[in-house]
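Work through the exercises below with the sequence and the structure at hand, and try each task before you read its solution.

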Amino acid sequence: MRKLTIAFVMLLGISVISFAKETPLKPRLVVCTDIAPADVEPDDMESMVHLMVYADMFEIEALITSVGWNCDPYPKEWAQYLHRVIDAYGQDVKNLRKRSEQTSFLSNDEENGRQHIGYWPSADYLRSRAVMGSEHGGIKVIGEGNDSPGSNLLIQLADEDDPRPIYVAAWGGANTLAQAIWRVKQTRSAEELKKFVSKFRIYTITDQDMQYNMRMNRAYSSHQWLRQEFKDDLQFIWDEGTWQEQCELGKQHWAWHQNSIQKLGALGKEYPNYKWGVEGDTPSFLYVLPNGLNDPEDPSQAGWAGYHQRGLCPDSLTTAWTSWEEPVRSISIGYKQRFYLHELFDFIERLHWAEHGEGNHNPIVVVNGHQGPSPLTLQAKAGDTIRLDASKSSDPDFNAIAFQWWQQPEIGTAKLTIEDAQSAVVNLHIPTNATGQALHFICEVSDKGASNLKSYQRIIISIE
């Protein structure tokens, strides 16, 4: 693990660091996108612009253009719309780097190594990670003749000596991942295949490995094969609910998109008007965003991408992490509604940096001396009183900050009343009937600068 060579402000709940101190590594992210012209489907291009202003928070390992609802085969010329967004990022990144006080890019070899949170990659790096994936959809095309630069790259990524999982965000179909897994299955032992599959986590925005007019024919899709064959090895989130709410909330708040997003930076100017809904694919990477609110290794932790439980899928055959049935669907939508303005204003403020090279930073959350995106884990006994102290929290821009503590009620059955929930320090009285449970609490910190930016810290208390 190399040390970052520049000093920068760690955002979204991470502190200002020195030249020598190591910072957390970014989560590894792969996007499979059926990005298209705005008159066909502008949704992916909107989400791609959104992703680019968070390039300091993700190690973007691959941007794979591939088959989706509106395109089988995928027209290769549509990849130009991905490159338009990358080119716009190339114009804006000089200003975006100022957010982290970054003055230069790493070498090619270093950029292709492990990136730390806060590092803005070069546009050339992103161009090198933009490849073509599967041009055709469905389980029947999986096999010989369906390999692609995208599936080959996925195999290469999983084979790297890197313990971090690879999060695949399927904005279209995940056929490219299915093909990579199929190829490995042909050439390696069962144990090696299991190890390979276990490197991946996948978040699908509905099931787009098919034509839209046949979307209820679940057996057509390679996604069903992935859930059947690798149910014990592949963390699979099938989003049916949160992405639709993302679309609707975007339409309800479209004035913000027109008056702010589309007017800020070269990236904002590439942000198209919506046709069906707004940014329906965005939950797939918000789920992975290291903002301290949720750990993507546990889909039951609510965050900017809603909330999911493991259960029967809409195909009535396979199981995965889903949010399609009640009451989970309403719970997930409720969290999407709760956090939407947090997400939107955070996005807008980052575009202010893209346009002006200056703006607001997120506050820094410190709870009981712990800071950073990982949850704070504590042990307690039933009947104990636990003191949670966030008084060391601060704001890099010296704005005043406000606190809000709350419990995620879907995890654990013991419910607590948090007294003085808007103070910097709270005392939690653990009920006597909480033995054996894990209780989840959030410290939400808002600054009083532009956009009232938020940061979070999840606290997990395991009751002996």
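**Exercise 1.** In which sense do β9 and strand β14 pair, and over how many bridges? Work this out on the predicted model, and then place the two strands in their sheet.

*Solution.* Begin with the pair itself: β9 and β14, the latter covering residues 454–463, run in the parallel sense and are joined over 5 bridges. One residue pair can be picked out here, since Leu378 has Ile461 of β14 as its bridge partner. Next, widen the view to the open sheet, whose 4 strands follow the order β9-β14-β13-β11 with mixed pairing. At the edges lie β9 (376–380) and β11 (401–407), each of which pairs on one side only. From one strand to the next, the twist averages 20°.

**Exercise 2.** Find which strands helix α13 lies across, and state its angle to β14.

*Solution.* Locate residues 328–356, which make up helix α13, and follow the helix across β11, β13 (438–447) and β14. Then compare directions: helix α13 runs at about 140° to β14.

**Exercise 3.** Decide how the compactness of the protein relates to that of a globular protein of its length.

*Solution.* First take stock of the secondary structure, which comprises 13 helices and 14 strands. The radius of gyration is 22 Å, close to the 23 Å that the globule rule gives for 464 residues, and therefore the protein is as compact as a globular protein of that length. Turn then to burial, where 63% of the 464 residues count as buried, that is, have under 20% relative accessible area. Finally, consider the surface: about 17,200 Å² is exposed, and carbon and sulfur atoms supply 49% of it.

Methods:
Residues numbered from 1 in each chain as written. Predicted model: local features only at pLDDT ≥ 70, side-chain atom pairs only at ≥ 80, totals over all residues. Heavy atoms only, no water. Pairing = 2+ DSSP bridges. Helix = DSSP H or I, 4+ residues; strand = E, 2+ residues; numbered from the N terminus. Axes fitted to C-alpha atoms, helices over the stretch in contact; angles between N-to-C directions. Contact = heavy atoms within 4.5 Å. Rg over C-alpha atoms; globule rule 2.2 N^0.38 Å. Buried < 20%, exposed > 50% of the residue type's maximum accessible area, 1.4 Å probe, protein only. Areas by Shrake-Rupley, 256 points an atom, 1.4 Å probe, with all protein chains shown as cover.
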